[in-house]
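These are my notebook entries on a single structure. I looked up ring pairs, nonpolar cores, backbone exceptions and enclosed spaces, in that order.

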Amino acid sequence: SQGIPVLGCPCKVCESTNSKDKRLRTSLLIEQNDFTVVIDSGPDFRQQLLREKVKTLDAIIYTHSHQDHVAGLDDIRAFNFFQQKPMDIYATQEVQQNIRREFYYAFDEKNDYPWIPKVKFHSITISPFQIGDLKIIPVEVMHHKLSVLGYRFGDFTYITDASKIAEKEMEKIKGSKILVLNALRKEKHISHFSLAEAIELSQKIGPEKTYFTHMSHQMGLHDEVSNELPDGIYLGYDGLKIEL
């Protein structure tokens, strides 16, 4: 949630010169034909879009409303201008309420300033939904006591900010060829899977490949931890591209 390097931290991970030890806040870009969707718009949203040279964005899907997943929403204003329409936002009612509170100025009916971010909300639940040709299956996971949504797109499942997944939701994941899963650090944590827990869960689900995300500097150096992982399990890194 803080990114790596962490401000003011002198640890070996934060001072590493390996580009794979530099981590922006967790997000995912999905491209299908000419359709582009992002999951979560954290504080590094603008920087990530510039790095990947994203020229158009059709929608944003939210997992939950913690700041490291929503704080960059204001930067949709550029897409509002160039695409001449509000940004389609897919989120639960609870996440929508939190976004309305955090970005209050965008929803103030008395605010006639033309450059506020413009959004069009689409309410989602744990039921499957579709954006364009993209069929999406939400997977409910628990982030300590907070309900968070992961998403399955065909053979690809993306889960972040989870510490527990109920068996009925696990069934939605099984059969995925690619799994992206959060693994915060080696030590146990109240609201995220540890490295050992994430490995165990991956092996239970049985995808062809698993990539860990939402890792903190407490995980250790990318190259060292990578050498400790079982076959078919990898540490993700900024800019990683997966083709399906």
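**Aromatic pairs.** I counted nine aromatic pairs, taking rings of Phe, Tyr and Trp (its six-membered ring) as paired if their centres lie within 6.5 Å, with planes under 30 degrees apart called stacked, over 60 edge-to-face and the rest tilted. The model is a predicted one, in which local features need pLDDT of at least 70 and side-chain atom pairs count only at pLDDT 80 or more, while totals for chains, interfaces and linings use all residues. Residues are numbered from 1 along each chain as its sequence is written, and side-chain values use heavy atoms, with hydrogens and water left out.

I looked up Phe 81 and Phe 82, which form an edge-to-face pair with 5.1 Å centre to centre and 80° between the planes. For accessibility I used relative accessible area: buried is under 20%, exposed over 50%, and partly exposed in between (1.4 Å probe, protein chains only). Phe 81 is partly exposed because its value is 43%; Phe 82 is exposed because its value is 66%.

I then took the pair of Tyr 90 and Phe 129, which is stacked, at 5.8 Å centre to centre and 15° between the planes. The two rings lie 39 residues apart and link distant parts of the chain, with Tyr 90 in strand S4 (residues 87-91) and Phe 129 in strand S6 (residues 129-131). Helices (H or I, at least four residues) and strands (E, at least two) are DSSP runs, numbered from the N terminus. Both Tyr 90 and Phe 129 are buried. Ring pairs join these two with Tyr 151 and Phe 153 in a cluster.

**Nonpolar cores.** I next asked which residues have the most contacts inside the largest nonpolar core. They are Ile 159, Ile 165, Leu 181, Phe 212 and Leu 229, in a core of 24 residues. A nonpolar core here is a set of buried Ala, Val, Leu, Ile, Met, Phe, Trp, Tyr and Cys residues joined through side-chain atoms within 4.5 Å. Strand S7 (134-143), helix H5 (167-173), strand S10 (178-182), helix H6 (195-205) and strand S12 (233-235) each supply at least two of its residues. H6 gives the most, with five residues.

I followed Phe 212 further, leaving aside its neighbours within four places in sequence. Its contacts (heavy atoms within 4.5 Å) include Leu 181, Leu 195, Ile 199, Leu 229 and Ile 233. A second, separate core has 20 residues, among them Leu 28, Ile 30, Val 37 and Ile 124.

**Glu 169.** I looked up this charged residue in helix H5. Glu 169 is buried, because its relative accessibility is 3%. Beyond neighbours within four places in sequence, Glu 169 is in contact with Pro 138, Val 139 and Glu 140.

**Backbone.** I noted a cis peptide bond between Ile 4 and Pro 5, with omega about 5°. Pro 5 is in the segment before strand S1 (28-32).

I also noted positive phi values in residues other than glycine. Lys 53 has phi near 55° and sits in the loop between helix H1 (45-51) and strand S3 (59-61). His 214 has phi of about 55° and sits in the loop between strand S11 (209-213) and helix H7 (222-226). Are these two residues buried or exposed? Lys 53 is exposed because its relative accessibility is 64%, whereas His 214 is buried because its relative accessible area is 7%.

**Cavity and pocket.** On a 1 Å grid over the protein atoms alone, a cavity is a set of points where a 1.4 Å probe fits but cannot get out; a pocket is an open set with protein on both sides within 12 Å along at least five of seven lines; lining residues have an atom within 4 Å of a point. Grid points are joined across faces, edges and corners, and a volume is the space filled by probe spheres set on the points.

I found one cavity of 30 Å³ or more; the largest cavity has a volume of about 40 Å³. Its lining includes Ile 4, Asp 21, Arg 23, Met 215 and His 222.

The second largest pocket has a volume of about 240 Å³. Lys 53 and Phe 82 are among its lining residues. H1 and helix H3 (77-83) each give two or more residues to that lining.
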